[in-house]
Each structure stands twice: as structure tokens, then as C-alpha cells.
Amino acid sequence: MEDKDLTLNEAVKIINSCFPDDKPLFVVDGSKFKASSSDWKERLKLKEMETGYRK
């Protein structure tokens with residue numbers, strides 16, 4: 001696996017691309033990174049189980 005230097009916006013865009021039907025999981029506000037909603041942990045856990053990263 002190659003190491004890549006990503007900007008914060010690029011990294012958030014990649015993460016959010018895993019949630020195409022939902023609202024974004026994370027947002028960048030200026031130079032700050034934050035969750036877009038209070039249920040982000042639950043949504044991330046469901047996606048992990050769906051893709052097999054979490055059992």
C-alpha cells in the first residue's frame with residue numbers, strides 16, 4: 001500500500017464517499033474537522049459491519 005499525502009478535505013471526501021445515500025459523516029469547517037451529526041458513531045459502526053471490518 002502506498003503512502004499518500006492527503007489534504008483534510010480530500011480525506012473527508014473519501015470517507016464520505018462510503019455514505020452515498022446518507023448525509024455526509026464528517027465536514028470540514030474552515031480548518032476544523034467535525035462530525036456532521038450526533039449519530040456518526042452508530043452510522044460508522046453499521047458501515048463497518050456491512051463491509052466486514054467489524055464483526
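Two rings of Phe, Tyr or Trp (for Trp, the six-membered ring) count as a pair if their centres lie within 6.5 Å; planes under 30 degrees apart are stacked, over 60 edge-to-face, and the rest tilted. Keep that handy for the first exercise, and remember that this is a predicted model.

**Exercise 1. The aromatic pairs**

Task: how many aromatic pairs does the structure hold, and what is the geometry of each?

Solution, step by step:

- Start with the count: there are 2 aromatic pairs.
- Take Phe 26 and Phe 33, whose ring centres are 4.9 Å apart with 35° between the planes, a tilted pair.
- Now go to Phe 26 and Trp 40. Their centres are 5.4 Å apart and the planes meet at 55°, so this pair is tilted too.
- Place that second pair in the fold: Phe 26 sits in strand β1 (residues 26-29) and Trp 40 in helix α2, so the pair ties together parts 14 residues apart in sequence.
- Put the rings together, and Phe 26, Phe 33 and Trp 40 make up one aromatic cluster.

**Exercise 2. Buried or exposed?**

Task: sort the three rings of the cluster by accessibility, given that buried means under 20% relative accessible area and exposed means over 50%.

Solution, step by step:

- Phe 26 has a relative accessible area of 9%, so Phe 26 is buried.
- Phe 33 comes out at 42%, which makes Phe 33 partly exposed.
- Trp 40 is at 26%, so Trp 40 counts as partly exposed as well.

**Exercise 3. Checking helix α2**

Task: what span should α2 have at 1.5 Å a residue, and what is the distance between its end C-alpha atoms?

Solution, step by step:

- Get the expected value: the 12 residues of α2 should span 16 Å.
- Compare with the model: the end C-alpha atoms are 16 Å apart, so the two values agree.
- Look just past the helix, where Gly 52 follows with a positive phi, near 95°.

**Exercise 4. Arg 43 and its surroundings**

Task: where does Arg 43 sit, and which residues does Arg 43 contact beyond its neighbours within four places in sequence?

Solution, step by step:

- Locate the residue: Arg 43 belongs to helix α2, residues 40-51.
- Check accessibility: at 10% relative accessible area, Arg 43 is buried.
- List the contacts, with those neighbours set aside: Phe 19, Asp 22, Lys 23, Pro 24, Leu 25, Ser 36 and Ser 37.

**Exercise 5. Lys 47, ring and charge**

Task: over the face of which ring does Lys 47 lie, and which side chain does Lys 47 meet in a salt bridge?

Solution, step by step:

- Begin with the setting: Lys 47 is in helix α2, and its relative accessible area of 19% makes Lys 47 buried.
- Leave out the neighbours within four places, and Lys 47 is in contact with Cys 18 and Phe 19.
- Of these, Phe 19 has Lys 47 over its face, 5.4 Å from the ring centre.
- Then the salt bridge: the side chain of Lys 47 meets that of Glu 50, at 3.2 Å from N to O.
- Both residues lie in α2, 3 residues apart, or about one turn of the helix.
- Residues three or four places apart in an α-helix point the same way, because there are 3.6 residues a turn.
- Glu 50 is exposed at 59%, whereas Lys 47 is buried at 19%.

**Exercise 6. The remaining salt bridge**

Task: how many salt bridges are there, and what does Asp 29 pair with?

Solution, step by step:

- The count is 2 salt bridges.
- Asp 29 pairs with Lys 34, with 3.6 Å between the closest N and O atoms.
- Asp 29 is partly exposed at 47%, and Lys 34 is partly exposed at 41%.

Key:
Residues are numbered from 1 along each chain as its sequence is written. This is a predicted model: local features need pLDDT of at least 70, side-chain atom pairs count only at pLDDT 80 or more; totals for chains, interfaces and linings use all residues. Side-chain values use heavy atoms; hydrogens and water are left out. Helices (H or I, at least four residues) and strands (E, at least two) are DSSP runs, numbered from the N terminus. Buried means under 20% relative accessible area, exposed over 50%, partly exposed in between (1.4 Å probe, protein chains only). Contact means heavy atoms within 4.5 Å. The expected span of a helix is 1.5 Å times one less than its number of residues. A charge sits over a ring if NZ of Lys or CZ of Arg is within 6 Å of the ring centre and within 35 degrees of the ring normal. A salt bridge is a side-chain nitrogen of Lys or Arg within 4 Å of a carboxyl oxygen of Asp or Glu.
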